[in-house]
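Please look through the sequence and the structure shown here before reading on. The report that follows goes through confidence, the sheet, the helices and a few single residues.

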Amino acid sequence: MLAGANMKAMSDPQNPSPGPGWWLASDGRWYPPESAPQPQAAPTPQPQAAYAAQPQGAPAWQPPPQPAPRKSGKGCLIALAIVGAIGAVIVVLIAFAIYKFADTVEDVADGITVGDVECPTADEVSDIIGYDVELAASGSIIVASGCNYTSTGDTAGVSIVSGSGLIAEEVFADLETEAQSNNATVSDIDAGDDGKAFGSDMRSAAAAKDDGNIVQVDIFSEGTQPIGDKKDEAEEILEQFLDLND
């Protein structure tokens, strides 16, 4: 435009330029240099979007799945080691228990103290009840603080149990129940304190309190054959036990 304006000014002597820098506008007038229009800067290009626009209804972009971390076998090895250690301890404890049990059986067979009580020997019990008995070679030979004897021919067995006097009432109640189930009657005896006993063909028992404890003796058939009323024998074994542990 400026070039055209200058050319017009040079070619039109009737409308000369007022001075240097003046410019001729399209309206045919001259304007001072400070009012000349500034050239427009080129537009700045817009950055492209990082991701193309998703079409309508298309699923959103998701990052690719990451592979699952590999499991280490270290935890399993530690667990196996712990289980193995616990198993070894259990084996040692069982072995020790078996050793003590065997040692206890030998002591009881000789009539030596078992736990907190002293038991009659197998020979003494055999003489009283009239049947040959021996110390039961099983885990149930020691019941609480007591002794258990069994016959060699499934005839008669004997059990002696000593416990806290706090359960005396329960023991006497059980004695009444056992007597009723064997069609027998409980009667008072002289052994110990508040001694009671009953006798029947299959089972006889005696119990008494003594020095804060309650002791019960049972004589029973180990088979199906009756062994006769052993009430007096149960009372005798009870008295002998109380004397041994007086």
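Helices, of at least four residues, and strands, of at least two, are runs assigned by DSSP and numbered from the N terminus. By that numbering, Leu24 has its place in strand 1, which covers residues 23-24. Leu24 is buried, with a relative accessible area of 3%, and its C-alpha atom is separated by 9.6 Å from that of Ala36, a residue 12 places further along or back in the chain.

**Confidence**

The model is a predicted one, and the chain has a mean pLDDT of 76, with 63% of its residues reaching 70 or more. Confidence is lowest in helix 1 (residues 2-11), where the mean is 43, and highest in strand 10 (residues 203-210), where the mean is 96. Over residues 1-11 the pLDDT stays under 50, and the model has 12 contacts beyond four places in sequence for them. Residues 137-143 also have a pLDDT below 50, and this stretch has 14 contacts in the model beyond near neighbours in sequence. Where pLDDT is low, the predicted coordinates should not be read in detail.

**The sheet**

How many strands form the open sheet, and in which order? Seven strands form it, in the order 5-6-7-11-10-9-8, and their pairing is antiparallel. Strand 5 (133-135) and strand 8 stand at the edges with a single partner strand each, so one side of each is left without a neighbour in the sheet. Helix 4 (residues 168-181) packs on the sheet and touches strand 7 (156-164), strand 9, strand 10 and strand 11 (213-221), with a direction that makes about 160° with that of strand 10. Helix 5 packs on the sheet as well, touching strand 7, strand 8, strand 9, strand 10 and strand 11, and its direction makes about 140° with that of strand 11.

Strand 8 (residues 187-188) and strand 9 (residues 193-198) pair in the antiparallel sense over two bridges. These strands form a hairpin with four residues between them, and Gly192 in the turn has a positive phi of about 60°. Strand 9 is also joined to strand 10 by four bridges, and the two run antiparallel; they form a hairpin with four residues between them. The table lists residues that stand opposite each other in these pairings.

| Residue | Opposite residue | Strand of the opposite residue |
|---|---|---|
| Ser187 | Ala197 | strand 9 |
| Ala197 | Ala206 | strand 10 |
| Phe198 | Ala205 | strand 10 |

**Two buried residues**

Glu235 lies in helix 5, which covers residues 231-244. What is the nearest side chain of opposite charge to Glu235, and how far away is it? It is Lys231, at 6.3 Å, and Glu235 is buried yet has no salt bridge. A salt bridge needs a side-chain nitrogen of Lys or Arg within 4 Å of a carboxyl oxygen of Asp or Glu. Leaving aside residues up to four places away in sequence, Glu235 touches Ile189, Asp190, Ala191 and Ala206.

Val117 lies in strand 4 (residues 117-118), and Val117 is buried, with a relative accessible area of 6%. Not counting residues up to four places away in sequence, Val117 touches Ser145, Gly146, Ser162, Phe241 and Asn245. The C-alpha atoms of Val117 and Gly146 are 6.8 Å apart, although 29 residues separate the two along the chain.

How values were computed. Residues numbered from 1 in each chain as written. Predicted model: local features only at pLDDT ≥ 70, side-chain atom pairs only at ≥ 80, totals over all residues. Heavy atoms only, no water. pLDDT = per-residue confidence, 0-100. Contact = heavy atoms within 4.5 Å. Pairing = 2+ DSSP bridges. Buried < 20%, exposed > 50% of the residue type's maximum accessible area, 1.4 Å probe, protein only. Lys, Arg positive; Asp, Glu negative; His and termini not counted. Axes fitted to C-alpha atoms, helices over the stretch in contact; angles between N-to-C directions.
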